[in-house]
Every structure is written in structure tokens, then in C-alpha cells.
Amino acid sequence: MSYCNGKCEHLNEKKHKCELTGERLTVMKYSGGIAYTVHEHRGFCDKDLEVEDER
């Protein structure tokens, strides 16, 4: 599983969807002292795999 950091240009936050793969993402929201939202891919994001190849 990989997490989308919110800075990905392919993330559609309103639809909770990756525009690159067309995959609907799992959403986890937390609000307490600090509030945040995390989007999670079920597999690995194609963009993350490209970064791994460049290393």
C-alpha cells in the first residue's frame, strides 16, 4: 500500500480518486489536536514506481 501525500497532481480530493490510474482511493480522516486527511492506494501508485526507477 502507498499513501498519497496530497501534493500529487493526479489526486482528485473531492472524488477521492487518482486521475492517473482511475483508482478510487481509501480515505482516512483524523481530527483531534491536529486534523489531517490521508489517501491510500490499494496497490502502489504508478508515480511512486517511477520515482523508485530513478534511484
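This passage describes the fold, the buried residues and selected contacts of a predicted model.

The chain has 55 residues, of which 24% are buried. Its secondary structure consists of one helix and five strands, and the order from the N terminus is β-β-β-β-β-α. The helix therefore comes after the strands, as elements are numbered from the N terminus. The chain exposes about 4,400 Å², and carbon and sulfur atoms supply 49% of this area. Among contacts with a separation of 6 or more, 38% are between residues 24 or more positions apart.

The largest nonpolar core is made up of five residues, namely Cys4, Cys8, Leu11, Cys18 and Leu25. One of these, Cys18, lies in strand β3, which spans residues 17-18. Cys18 has a relative accessibility of 2% and therefore counts as buried, the limit being under 20%. When residues up to four places away in sequence are not counted, Cys18 touches His10, Glu23, Leu25 and His41. The C-alpha atoms of Cys18 and Glu40 are 9.9 Å apart in space, although 22 residues separate the two in sequence. Leu25, also a member of the core, is in contact with Leu11, His16, Lys17, Cys18, His39, Glu40 and His41 once its neighbours within four places in sequence are left aside. The contacts of Leu25 thus include two other core residues, Leu11 and Cys18.

Strand β5 covers residues 36-41. Three of its residues were examined individually: Tyr36, Thr37 and His39. Tyr36 has a relative accessible area of 44% and is partly exposed. Together with Tyr30 and Ile34, Tyr36 forms a nonpolar patch on the surface, and the accessible area of the three residues together is about 360 Å². Thr37 is likewise partly exposed, because its relative accessible area of 40% falls between the limits of 20% and 50%. Leaving aside neighbours within four places in sequence, Thr37 is in contact with Val27, Met28 and Lys29. Thr37 and Glu13 are 24 residues apart along the chain, and their C-alpha atoms are separated by 9.7 Å.

His39, by contrast, is buried, with a relative accessible area of 3%. Beyond its neighbours within four places in sequence, His39 is in contact with Ser2, Tyr3, Cys4, Leu11, Glu13, His16, Leu25, Thr26 and Val27. Members of the largest nonpolar core, including Cys4, Leu11 and Leu25, appear among these contacts. The side chain of His39 is also joined to that of His16 by a polar contact of 3.1 Å.

His16 itself is found in the loop between β2 (11-12) and β3. With a relative accessible area of 22%, His16 is partly exposed, because buried residues have under 20%. The polar contact therefore links a partly exposed loop residue, His16, to a buried residue of strand β5, His39. The backbone of His16 has a phi near 55 degrees, a positive value in a residue other than glycine. Most residues other than glycine have a negative phi.

Key:
Residues are numbered from 1 along each chain as its sequence is written. This is a predicted model: local features need pLDDT of at least 70, side-chain atom pairs count only at pLDDT 80 or more; totals for chains, interfaces and linings use all residues. Side-chain values use heavy atoms; hydrogens and water are left out. Patches are made of residues with over 30% relative accessible area and no salt bridge: like charges are joined within 9 Å, nonpolar side chains (Val, Leu, Ile, Met, Phe, Trp, Tyr) within 5 Å. Accessible areas come from the Shrake-Rupley method with a 1.4 Å probe; for residues, only the protein chains shown count as cover. A salt bridge is a side-chain nitrogen of Lys or Arg within 4 Å of a carboxyl oxygen of Asp or Glu. Helices (H or I, at least four residues) and strands (E, at least two) are DSSP runs, numbered from the N terminus. Buried means under 20% relative accessible area, exposed over 50%, partly exposed in between (1.4 Å probe, protein chains only). A polar contact is a pair of N or O atoms within 3.5 Å; within protein, one must be able to donate a hydrogen and the other to accept it, and residues adjacent in sequence count only if both atoms are side-chain atoms. Contact means heavy atoms within 4.5 Å. A nonpolar core is a set of buried Ala, Val, Leu, Ile, Met, Phe, Trp, Tyr and Cys residues joined through side-chain atoms within 4.5 Å.
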